[in-house]
Each structure stands twice: as C-alpha cells, then as structure tokens.
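Reader: I'd like to learn how to read a metal site and a helix in a model like this one. Could you walk me through them?

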Amino acid sequence: MIDLHSHSNISDGLLSPAALVEHAAQHGVRVLALTDHDDIGGLAEARMAANVHGIQLIHGVEISVTWKKRTLHIVGLNVDVENDALKSGLAAVREGRLERAKQMGAGLEKAGIHGSFEWASAYAGQSILTRMHFARFLVEHQYAKDTKSVFKKYLVKGKPGFVDHQWMNLESAVSLIVNSGGQAVLAHPGRYDIRRTNMLLLLEEFRALGGTAIEVVTGSHTGAQYVEYAKYAQMFGLKASQGSDYHGKGISFMEMGRLPALPSGCVPIWHDWHHLNLASDYLSLNG
Ligand code: AMP
Ligand code: MN
Ligand code: MN
Ligand code: MN
C-alpha cells in the first residue's frame with residue numbers, strides 16, 4: 001500500500017512517470033514515491049497522473065554517493081522540487097554520469113565490444129545514463145543472457161565496463177535533501193559490501209548528518225535482512241522505510257504492491273507525515 005522507492009524512464013526504469021503511477025495504482029499502491037537516480041524531472045508528470053489515479057505521490061529522488069570508496073544510495077523523500085540547491089546539486093551529479101559513461105564505453109571498446117556508448121546514449125534518449133542502459137546493450141547484443149549475469153561479467157569492479165566514479169559525498173547529499181525540506185533514507189543497506197564495523201560507522205555518521213531512516217523492507221533484501229536492518233534502525237533511533245525499488249517488468253527485484261509489513265518495533269518513516277491521508281486503522285496498525 002505504501003511504496004517509497006521506484007524508478008521511471010527519467011532514470012533507468014522502463015515506464016514513463018505517468019505509466020509508472022498507473023501501474024502502481026493497478027497493483028494496490030496508495031502512496032508512491034518516485035525516486036529516480038539523481039533526477040527529479042519526472043515528478044511533475046507523475047503528480048498529474050497521481051491526481052487521475054488516486055495515488056498520493058511523494059516527491060523523491062535517489063542520490064548516488066561515494067562513502068569510503070564505496071557507492072551508496074541515499075533516497076530523499078518529500079523534497080522540494082523548486083529548491084535551487086537541490087536542482088543544481090543533482091545537475092552536477094548528472095554531468096559526471098555522462099563522462100563516466102564515455103569511459104565505460106571506452107573500457108568495453110578495449111575488451112573488443114564496440115559501440116556501447118553510442119547505443120546506450122541513443123537508447124537512453126533524454127534519460128540519465130546508467131549502467132542499466134549498458135546492461136541492456138550487452139544483453140541485446142548477446143554478450144549475456146540477462147541483466148543479472150551481465151552486471152557480474154561486465155559492469156562491476158574489475159570488469160571491462162566498470163569505471164571507478166566519484167559521486168556526491170554523504171554530507172552534501174543528506175544536506176541537500178534536508179535543506180529542501182525532505183527526509184534522508186539510507187537505501188537498501190543490505191546491498192553494500194560493508195562489514196558490521198563499517199556499517200555501524202556509516203549509521204552513526206548518517207544519523208549525525210541528519211539522516212532520518214533506513215530502508216528496512218526493500219525488493220533486494222531477504223527476510224533475514226528485514227530483521228537485521230530493523231534492529232540497526234532501533235539501535236540508532238532511526239525510522240524505517242519500505243519500497244519495492246521497482247524498475248519495470250523483467251528488471252526488478254519485486255513487483256509493486258507486494259511489500260510485506262515492516263517488522264514489529266520499527267517506527268515507520270511516515271509516522272509523523274501529517275500530510276499523509278490514510279485510513280486511521282492502517283496507520284495505527286503500522287505505527
Ligand atoms: P549506476 O547508478 O549507473 O551505477 O547504475 C546502477 C543501477 O544498475 C542500479 O540502480 C540498478 O538499477 C542497476 N543494477 C546495479 N547492480 C545490479 C545488479 N547486480 N543486477 C541488476 N541490476 C543492477
Ligand atoms: Mn536503478
Ligand atoms: Mn539504489
Ligand atoms: Mn533505486
């Protein structure tokens with residue numbers, strides 16, 4: 001019913017913002033955050049569609065961050081799309097993406113794979129360029145059978161299409177979100193290659209910078225990870241968020257409308273969202 005992480009074709013999702021909102025409505029979602037990578041350009045279209053389909057749209061974004069040489073994703077919820085600092089900060093991240101994509105193309109070129117940058121940019125069109133677009137080039141040209149295996153073979157550290165890129169720092173990402181009136185959420189923590197000691201450091205730093213929540217229930221977490229990250233949230237006094245991270249048919253961890261409830265003991269991030277207009281029985285059941 002509440003899905004606070006999703007992508008449209010403004011970034012690497014398959015559906016237009018309007019089609020994504022319609023898809024969410026058809027799958028029983030009532031509150032949806034559109035959280036495209038480093039871009040808030042889809043929110044205006046999504047808002048119009050939300051009005052048509054009876055969805056409460058949360059204005060979101062997923063910012064790419066480098067922390068201790070690792071890439072992390074910070075989701076911003078309820079951000080102000082008119083905020084100039086947010087707009088220019090995101091524009092700077094997107095500019096870095098274009099240069100990185102050229103380097104990814106050059107890396108693949110060296111491995112004897114030709115024309116990936118040109119194909120990926122044409123295919124992406126107005127969308128921002130992500131590894132997902134290169135993944136589709138490689139699958140389309142039969143270098144791998146699906147997006148899962150293609151990442152392992154070509155697009156992760158040590159592989160020809162991988163480029164070590166400097167994203168925004170954690171402090172800037174959290175400040176941009178918080179200063180535009182939003183809440184910062186550490187996205188899918190179970191997907192980072194971070195051991196416990198560093199996870200504790202990260203959560204400490206994230207909270208000190210003004211972070212609000214951890215994504216506890218997300219498409220790429222296992223059941224055991226729901227429990228693990230619910231504990232981390234409680235340990236640090238952070239709230240819990242939930243989202244499918246839907247990208248489209250065939251390239252998503254989870255269909256929309258299938259999120260299980262947050263583990264008991266979590267304080268949902270929407271606990272004090274007074275603008276949220278849900279049945280009061282639902283809110284009391286879920287915090
Ligand atoms: P980028 O931000 O350009 O590095 O692209 C990252 C995007 O690629 C993520 O947001 C996911 O949508 C997708 N992605 C990353 N790793 C994988 C993977 N192992 N399998 C499938 N998709 C992935
Ligand atoms: Mn993505
Ligand atoms: Mn992510
Ligand atoms: Mn995402």
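Author: Happily! Keep in mind that this is a predicted model. Let's begin with the spacing of the metal's donors: around the manganese ion (ligand 3) they follow the pattern E-x10-H-x114-H along the chain.

Reader: Which residues are the protein donors of the manganese ion (ligand 3)?

Author: Glu-62 donates through OE, His-73 through ND1 and His-188 through NE2, and they lie 2.1 to 2.2 Å from the ion. Distant parts of the chain are linked here: Glu-62 sits in strand 3 (residues 56–67), while His-188, 126 residues apart from it, is in the loop between strand 6 (183–186) and helix 8 (196–209).

Reader: Are Glu-62 and His-188 buried or exposed?

Author: Both Glu-62 and His-188 are buried, that is, under 20% relative accessible area. There is also a manganese ion (ligand 2), and 5.7 Å separate it from ligand 3.

Reader: Now the helix. Which residues of helix 2 are buried?

Author: Helix 2 covers residues 43–53, and its buried residues are Leu-43, Ala-46, Ala-49 and Ala-50. Viewed down the helix axis, these buried residues fall within an arc of 120 degrees, so they line one face of helix 2.

Reader: What do the buried residues of helix 2 pack against?

Author: They pack against helix 1 (17–26), strand 2 (31–34) and strand 3. Strand 3 is also where we met Glu-62.

Reader: And which exposed residues are on the face turned away from the buried side?

Author: That face of helix 2 carries Ala-44, Met-48, Asn-51 and Val-52. After helix 2 comes Gly-54, with a positive phi near 70 degrees.

Notes: Residues numbered from 1 in each chain as written. Chains lettered and ligands numbered in written order. Predicted model: local features only at pLDDT ≥ 70, side-chain atom pairs only at ≥ 80, totals over all residues. Heavy atoms only, no water. Donors = N, O, S within 2.8 Å, 3.2 Å for Na, K, Ca; no water. Helix = DSSP H or I, 4+ residues; strand = E, 2+ residues; numbered from the N terminus. Buried < 20%, exposed > 50% of the residue type's maximum accessible area, 1.4 Å probe, protein only. Arc of directions from axis to C-beta. Contact = heavy atoms within 4.5 Å.
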